[in-house]
Amino acid sequence: MTFSGSKVKIFMFLKIILSAFLVTVALLFTVASIRTLSLDVNVGLQLANWEKTNNISLVIEPHQREQLLANFKEAIRIPTVSFSQTEINTTALLEFDSFLRKAFPTVFSSSLVHHESVGNYSHLFRVQGSQPDLVPYLLLAHIDVVPATESDGWEAPPFSAKEMDGFIYGRGTIDDKGSVMGILQALEYLLIKGYAPRRGFYIGLGHDEEAGRWLLLNRDKLLERKPDTNAFVRTTTAVTMFNAGVKVNVLPSLAEAYVNLRIHSAQSLQEVMDLIHATVGDQRVKIELVDGFDPLPVSSADEKSFGFQIIKKTVLDMFPAVTVAPGICVGNTDSRHFKDLTSNIYRFAPSWFKPGDPQRFHGINERISKKNYEEFVVFYFNLIQNCDIRKLPEPHSSVHEL
């Protein structure tokens, strides 16, 4: 009887302990959830005492708006198409060179700006700073675009820059003439207003970013549910070209496919190649690497990261209601060529996307709203000035304890 009673007491004691544990876990989970939902990820340097630099404000007057949109449309109408390293529309690239000089006369005539052509069609601008001890930075964009034909299903000719419902349609509106024109337009406005930077910087405009074939980066479970975000969390595979056969009733003697893979940051090129060989598992299939490289280092994004925090501040100054957090750019871009100069490469442009818009990249009906393009100009106008600070301020603590 005594033994049985002891068992009951032990059971009741364990039940009480278990119940208390579950209540504690539930309480902690509730507190953590509340803290998480109420966590302001924009605290920290947003609240810090930033160095004053007497930034110039930009108010775009109606006549300026008309001209900047006209310039942007003209840039879209020039078909700077790259098919491959040997198939590039050089006539259009020369036309674009002349257009830039006409559209941005102050940039090309300022004593602060040194310009040179690179590889005949690319452009490098060096903007002299008044304090040469400050480490310079580079703003990067590319002039060339992928091919596009109206017969693919475009609502407007892809090089018409036609306006519809507040949007400008055309190949390159987002990738990447929005940045090309936005950067130069911002610099033009700054120079007209008498701006002279403390921190020198460069602007690099490449002409053959779309010409190469390479493996691209992508990345960070909810994201898997949608095609738009699934590409951020794994190495993706896409068959982009397939050739086989010459007649419906004749077996092909050879079948050939080109496969584009975008490598997750946690994988290497060799790991992906090993996975391909293991997946195919057929010695009769020849697998050849056309081009590829390991993913680049992940750029810093902490409170001491100058580049990230300057971008963050510039975004929050313009759009205080948004959340700024590091992410992954699906396209690696020609920024990969600068990996030996810096590990901090930030692939960002202030683009607004509606559902379905990501499919417009390298697809049909690429577009940008007139308002968003104007925001590009304002963003770069402010970013260049924000880079003039000597160092970041000491951040306020953003630690949330349970």
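Which glycine takes a positive phi just after H5? In this predicted model, the residue in question is glycine 194, with a phi of about 85°.

The helix that precedes this glycine, H5, covers residues 177-192. Its 16 residues should span 22 Å at 1.5 Å a residue, and the C-alpha atoms at its ends are 22 Å apart, so the expected and computed values agree. Of the 16 residues of H5, 15 are buried, and the helix is therefore largely enclosed by the rest of the structure.

Alanine 148 belongs to the loop that runs between strand S3 (137-142) and strand S4 (162-164). Its relative accessible area is 14%; because buried means under 20%, alanine 148 is classed as buried. When neighbours within four places in sequence are left aside, alanine 148 is in contact with Trp154, Pro158, Phe159 and Arg171. One of these partners, proline 158, is 10 residues away from alanine 148 along the chain, and the C-alpha atoms of the two are separated by 6.2 Å.

Threonine 240 is part of strand S8, which comprises residues 236-244. Threonine 240 has a relative accessibility of 53%; since exposed means over 50%, this residue counts as exposed. Apart from neighbours within four places in sequence, Tyr258 and Asn260 are in contact with threonine 240. Tyrosine 258 is 18 residues from threonine 240 in sequence, while the C-alpha to C-alpha distance between them is 5.8 Å.

Note on methods. Residues numbered from 1 in each chain as written. Predicted model: local features only at pLDDT ≥ 70, side-chain atom pairs only at ≥ 80, totals over all residues. Heavy atoms only, no water. Helix = DSSP H or I, 4+ residues; strand = E, 2+ residues; numbered from the N terminus. Expected span 1.5 Å × (residues − 1). Buried < 20%, exposed > 50% of the residue type's maximum accessible area, 1.4 Å probe, protein only. Contact = heavy atoms within 4.5 Å.
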